[in-house]
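Me: Please take a close look at one part of this model, the packing of its helices. Which residues make the contacts, and at what angles do the axes cross?

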Amino acid sequence: MSDLLERLRERGWRLTSQRRVVAEVLDGDHVHLTADEVHARAAQRLPEISRATVYNALGELVSLGEVIEVSTDGRAKRYDPNAHHPHQHLVCSSCGTVRDVHPTGSPLADLPADQRFGFTVSQVEVTYRGLCPSCAGKAGEDSGA
């Protein structure tokens, strides 16, 4: 059984066939799918699943804290099942691919006390941006390099 499915069972989340297939589609280390991608993959396994059911399941998973909703530059929201392991994201500025990264050190430690303006910081979100290998290769071809 997947890590996400196991966590959901432990929480007592009712695993209907529709919810189960959504959780199965989301399971994986570097899965950052849009709702439409989740629906398309879920429909391959369970053809009768509706888009509304997928959106509802995703909303519940986010509310439960079992999936993170990732927004990048006005693009479609993506859903990250790696909610229980601290990490940051690496985002391709061209195609929008999102990958989990685990840099060493603490980003909170990098924020000097005099730059906290009295805030009690409880969470840090860091997003690294650049070009994925595929888009970087295309950029090099387009520039004649």
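Reply: The following account concerns helix α2 and its two helical partners.

The model is predicted, so local features need pLDDT of at least 70 and side-chain atom pairs count only at pLDDT 80 or more, while totals for chains, interfaces and linings use all residues. Residues are numbered from 1 along each chain as its sequence is written, and side-chain values use heavy atoms, with hydrogens and water left out.

Helix α2 (residues 17–26) and helix α3 (residues 35–45) have axes that come within 9 Å and cross at roughly 120°. Helices here are DSSP runs of H or I with at least four residues, numbered from the N terminus; axes are lines fitted to C-alpha atoms over the stretch in contact, with angles from 0 to 180 degrees between N-to-C directions. The two helices are therefore oblique to each other (under 35 degrees is roughly parallel, over 145 roughly antiparallel, 65 to 115 roughly perpendicular, the rest oblique). The crossing of α2 and α3 is right-handed, meaning that the near helix is turned clockwise from the far one by less than a right angle. In this contact (heavy atoms within 4.5 Å), α2 contributes V21, V22, E24, V25 and L26, and α3 contributes V38, R41, A42 and R45. These residues comprise six nonpolar, no polar and three charged (Ala, Val, Leu, Ile, Met, Phe, Trp, Tyr, Cys and Pro are nonpolar; Asp, Glu, Lys and Arg charged; the others, Gly among them, polar).

Against helix α4 (residues 51–64), α2 packs at about 70°, the axes being 10 Å apart. α2 is thus roughly perpendicular to α4. Their crossing is right-handed. Q18, R19, V22 and L26 of α2 meet T53, V54, A57, L58, E60 and L61 of α4, a set of six nonpolar, two polar and two charged residues.
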